[in-house]
Amino acid sequence: MSDFEHVFSEPPPGAAVDWTIGQDWRAYSGIEHETWDILYARQMEILPGRASDAFLNGLKALDLNAGGIPDFAVINPKLQALTGWTVVCVPGLVPDAVFFDHLANRRFPSGQFIRKRDQLDYLQEPDIFHDVFGHVPMLTDPDFADYMQAYGVGGQRAAGLGVLDQLARLYWYTVEFGLMQSTQGLRIYGAGIVSSATESVFALEDASPNRIGFDLERVMRTLYRIDDFQQVYFVIPSIEALKAVTLQDFAPIYERLKGASDIAVETVLPGDRVLSRGTQAYAERGGRFAV
Ligand code: PHE
Ligand code: CO
């Protein structure tokens, strides 16, 4: 079994067939709303000059610091008007097929719960802060919005072809831990980074990780770790460029990847466009956030 608490194999009691539940915004406690405010304020100290314009503009457009945990009934009309996306609440991680179906229909499934006060820095399970603060601002960008929907459709297809591991790596290294180029330098846009105070700094400024130009097949071959800061980040030139390369039919790529070996997180290959070659010092000292 997994280490996660909020994982179910069928819709738990109270959930609809698509696994959604009501957000029940009124049920959050004052402490929980305050947790959001603390996390929000902390990220805003760090993100200007580090997060991509798409992310920061989205954050502003949705007014996610109106006070406490956002009420989906309030943010959804704004998001829907911008790109046709909505956020729905789910009880925890949902099965792949359910997740893909939501994305393919421009619905982003968010956890309902918020982390406890002793988990402010890192938790592996996505809570509402990670899902809404981290993911939803990017969904206001029209190209990113299209990319996420296409990913949902692509996921349904990849599941049928038995290549979900390969496609999941694309999600991991873009949607969760992506960096992008800007005219002012490297910026973060991945939700796993922008929702983490420590990784927001580490991903851009630490000497340890490799930062490598995005290459679709290279990314699909690269393993990832879920328990610590990443040892490699991939850098896209722009959201438009990411959308353009992922528009192509992946079937021939999946075919080629069947004969290809997986790539370890710390590996730098001769063909890589290396933006910064990491020392891997952080991982070699044992990691776990003691930067
Ligand atoms: N083009 C992909 C395919 O043919 C679908 C996809 C698009 C996957 C965008 C991920 C992101 O399967
Ligand atoms: Co996420």
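**Exercise 1.** Find which atom of Phe 250 lies 3.0 Å from an oxygen atom of ligand 1, and look for similar pairs.

*Solution.* Start at Phe 250: a backbone N or O atom of this residue is 3.0 Å from an oxygen atom of ligand 1. This is a polar contact, a pair of N or O atoms within 3.5 Å. Next, go to Thr 246, where a backbone N or O atom sits 2.7 Å from a nitrogen atom of the ligand. Then take Gln 248: one of its polar backbone atoms is 2.7 Å from a nitrogen atom of ligand 1.

Here is how to read this model. It is predicted, with local features needing pLDDT of at least 70 and side-chain atom pairs pLDDT 80 or more, while totals for chains, interfaces and linings use all residues. Residues are numbered from 1 along each chain as written, chains are lettered from A and ligands numbered from 1 in written order, and side-chain values use heavy atoms, without hydrogens and water.

**Exercise 2.** Work out which residues of helix H11 (residues 239-246) are buried, and why they share a side.

*Solution.* First, pick out the residues with under 20% relative accessible area (1.4 Å probe, protein chains only): Ile 239, Leu 242 and Thr 246. They lie on the same side of H11 because they cover an arc of only 60° around the axis, taken from the directions from the helix axis to the C-beta atoms.

**Exercise 3.** Identify the protein donors of the cobalt ion (ligand 2).

*Solution.* Look for N, O and S atoms within 2.8 Å of the metal (3.2 Å for Na, K and Ca). You will find NE2 of His 130, NE2 of His 135 and two OE entries of Glu 176, 2.0 to 2.7 Å away. Finally, check burial: both His 130 and His 135 are buried.

How values were computed: Buried means under 20% relative accessible area, exposed over 50%, partly exposed in between (1.4 Å probe, protein chains only). Helices (H or I, at least four residues) and strands (E, at least two) are DSSP runs, numbered from the N terminus. A polar contact is a pair of N or O atoms within 3.5 Å; within protein, one must be able to donate a hydrogen and the other to accept it, and residues adjacent in sequence count only if both atoms are side-chain atoms.
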